[in-house]
Amino acid sequence: MNKIYLDNNATTKVDPRVMDKMAPFFVEKYGNPNSLHGFGTETHPAMAEALNSLYAGINASDDSDILVTSCGTESNNTVLKGIFIDYILKGEKKHLITSQIEHPAIRNTCEFLESIGAEVTYLPVNDDGIVTPEILKKHLRRGETALVSIMWANNETGLINPVKDLALAAHEYGALFHTDAVQALGKIKVDVQDTDVDFLTFSGHKFHGPKGVGGLYIKEGLKLTPFFHGGEQMGRKRAGTVNVPLMVGMGYALDLAVKALDYENKEIRRLRDKLEDAIMSIKDTIVIGKRELRTPNTILVSFKGIEGEAFLWDLNWNGIAASTGSACSSEDLEADATFQAMHVDADLSHTGVRFSLSRFTTEEEIDRAIEVIKKTVERLRSISSTYR
Ligand SMILES: Cc1ncc(COP(=O)(O)O)c(CNc2co[nH]c2=O)c1O
């Protein structure tokens with residue numbers, strides 16, 4: 001049976017071209033970039049090219065910093081814990097603001113910082129599932145709020161937050177602004193200068209780059225206490241030997257992803273909408289969030305009377321991979337925080353299933369998925385003791 005992968009918000013396939021780009025740096029040009037001899041220095045041109053691609057991919061100015069990290073989670077921790085050390089531990093400010101719909105890499109880190117003395121506000125969302133500047137301004141405290149951290153796009157719903165306006169609001173109250181853009185890069189245009197964000201997180205494996213590598217953008221003039229102390233890599237801003245092949249792969253992957261944005265927003269959006277229209281033709285079904293407010297590849301849907309996990313197993317049995325939300329938290333069957341934040345009915349919030357496409361998704365795969373989804377819903381509802 002042909003397998004169909006519709007869980008690209010969890011991770012994506014490495015583009016074969018990216019694999020080819022990385023290969024030489026595992027077995028031929030394997031030197032440590034910090035070594036002074038030829039084995040080390042021969043890695044530098046490719047690293048410089050990768051860094052240029054990362055700067056260009058988010059339109060970062062040459063005077064800003066981009067740290068290459070191990071993943072989006074490390075990048076998020078670096079900002080939140082760096083701000084805690086630089087402002088809250090020093091007693092200058094005491095308040096952090098984030099939202100109720102963030103990824104666990106933000107939410108759990110904020111809860112940890114609360115446990116060691118930070119004051120944290122978790123903003124609600126509006127009826128559309130969006131964090132608005134109006135909501136933010138009700139909680140900003142001039143002179144006390146050190147950082148606002150609101151994700152660019154939600155990993156479960158795909159809903160996009162108005163980052164430019166949120167950053168403006170934060171700055172009006174003297175706070176810095178971070179956005180976790182892990183689910184935005186490669187799906188929508190990301191421009192750090194236009195939005196004037198201070199920090200931005202991204203992760204290579206979300207846009208057909210390798211797993212185990214991410215990035216943190218730091219606006220020019222800003223400093224953060226490093227998360228890792230050690231060697232002199234990245235100007236002592238992130239110690240540890242740089243993983244050259246992964247960095248090269250992530251840079252090239254972002255290059256390719258930016259070039260494919262038109263395709264993503266036309267063809268992938270069309271395939272997503274085709275899938276969504278078919279799903280919406282099934283009775284007692286709701287899709288979370290207006291499609292025009294979402295990234296072009298994502299659908300989060302609830303089928304009344306069907307437990308999400310059971311539905312996924314049936315799909316998996318038919319060769320289709322989807323998820324009940326973020327893989328990072330798919331173990332627990334708690335009503336999803338995002339659903340709760342959006343006031344989705346309790347009986348629906350256990351049934352959320354996320355489909356997320358990529359540029360490798362084909363029309364034939366979508367047609368097959370529609371066929372299987374319709375049969376699966378019918379079968380599970382026919383044996384449900386609650387659905388009538
Ligand atoms: C918004 C967001 N932030 C941070 C992360 C963590 O990135 P990593 O550390 O590089 O993995 C993820 C991963 N999100 C998901 C991982 O699995 N399903 C998901 O939705 C994410 O979606």
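Start by selecting helix 12 (residues 308–317) and helix 15 (residues 363–382): they pack at an angle of about 130°, with axes 10 Å apart. Helices here are DSSP runs of H or I, at least four residues long, and strands are runs of E of at least two, all numbered from the N terminus. Axes are lines fitted to C-alpha atoms, for helices over the stretch in contact, and angles run from 0 to 180 degrees between N-to-C directions.

Before going on, note that this is a predicted model: local features need pLDDT of at least 70, and side-chain atom pairs count only at pLDDT 80 or more, while totals for chains, interfaces and linings use all residues. Residues are numbered from 1 along each chain as its sequence is written, and side-chain values use heavy atoms, with hydrogens and water left out.

**Stop 1: helix 12 on helix 15**

Helix 12 and helix 15 are therefore oblique to each other. The scale is this: angles under 35 degrees count as roughly parallel, over 145 as roughly antiparallel, 65 to 115 as roughly perpendicular, and the rest as oblique. Helix 12 passes helix 15 in a right-handed crossing. A crossing is right-handed if the near helix is turned clockwise from the far one by less than a right angle, and left-handed if anticlockwise.

Show side chains for A310, F311, D314 and L315 in helix 12. They meet V372, I373, T376, V377, R379 and L380 in helix 15. By class, this contact of helix 12 with helix 15 has seven nonpolar, one polar and two charged residues. Contact means heavy atoms within 4.5 Å. For the classes, Ala, Val, Leu, Ile, Met, Phe, Trp, Tyr, Cys and Pro count as nonpolar, Asp, Glu, Lys and Arg as charged, and the others, Gly among them, as polar.

**Stop 2: helix 11 on helix 15**

Keep helix 15 and add helix 11 (residues 261–280). The axes of helix 11 and helix 15 come within 10 Å and cross at roughly 15°. That makes helix 11 roughly parallel to helix 15. The crossing of this pair is right-handed. On helix 11, pick R270, L271, K274, L275, A278 and I279. Their partners on helix 15 are E363, I366, D367, I370, I373 and K374. The contact of helix 11 with helix 15 has seven nonpolar, no polar and five charged residues.

Now select residues 258–285, which UniProt lists as "coiled-coil region" in an unreviewed entry. UniProt positions are in the numbering used here, feature names are shortened, and annotations may be inferred rather than shown by experiment. The end C-alpha atoms of this span lie 34 Å apart, and the span is 79% helix and 4% strand.

**Stop 3: the three-stranded sheet**

Three strands form an open sheet in the order 9-10-12, with antiparallel pairing. Strand 9 (285–287) and strand 12 (352–356) stand at the edges with a single partner strand each, so one side of each is left without a neighbour in the sheet. Neighbouring strands are turned by 25° against each other on average, direction ignored. Two strands pair if DSSP finds at least two bridges between them. Strand 10 (residues 298–303) and strand 12 run antiparallel, joined by five bridges. Find T298: it stands opposite S356 in strand 12. Helix 11 packs on this sheet, touching strand 9, strand 10 and strand 12. The direction of helix 11 makes about 10° with that of strand 10.

**Stop 4: the seven-stranded sheet**

Next comes an open sheet of seven strands, ordered 2-8-7-6-5-3-4, with mixed pairing. Strand 2 (65–69) and strand 4 (119–123) are the edge strands, each paired on one side only. The twist averages 20° from one strand to the next. Strand 3 (residues 95–99) pairs with strand 4 in the parallel sense over five bridges. S99 stands opposite L123 in strand 4. Add helix 4 (residues 44–57), which packs on the sheet and touches strand 2 and strand 7 (199–203). Its direction makes about 115° with that of strand 2.

**Stop 5: helix 5 on helix 6**

Select helix 5 (residues 72–88) and helix 6 (residues 104–115), which pack at about 30° with axes 9 Å apart. That makes helix 5 roughly parallel to helix 6. Helix 5 passes helix 6 in a right-handed crossing.

**Last stop: Y173**

Y173 is found in the loop between helix 8 (163–172) and strand 6 (176–180). Y173 and R142 are 31 residues apart in sequence, yet 4.8 Å apart in space, C-alpha to C-alpha. Not counting residues up to four places away in sequence, Y173 touches K137, L140, R141, R142 and G143.
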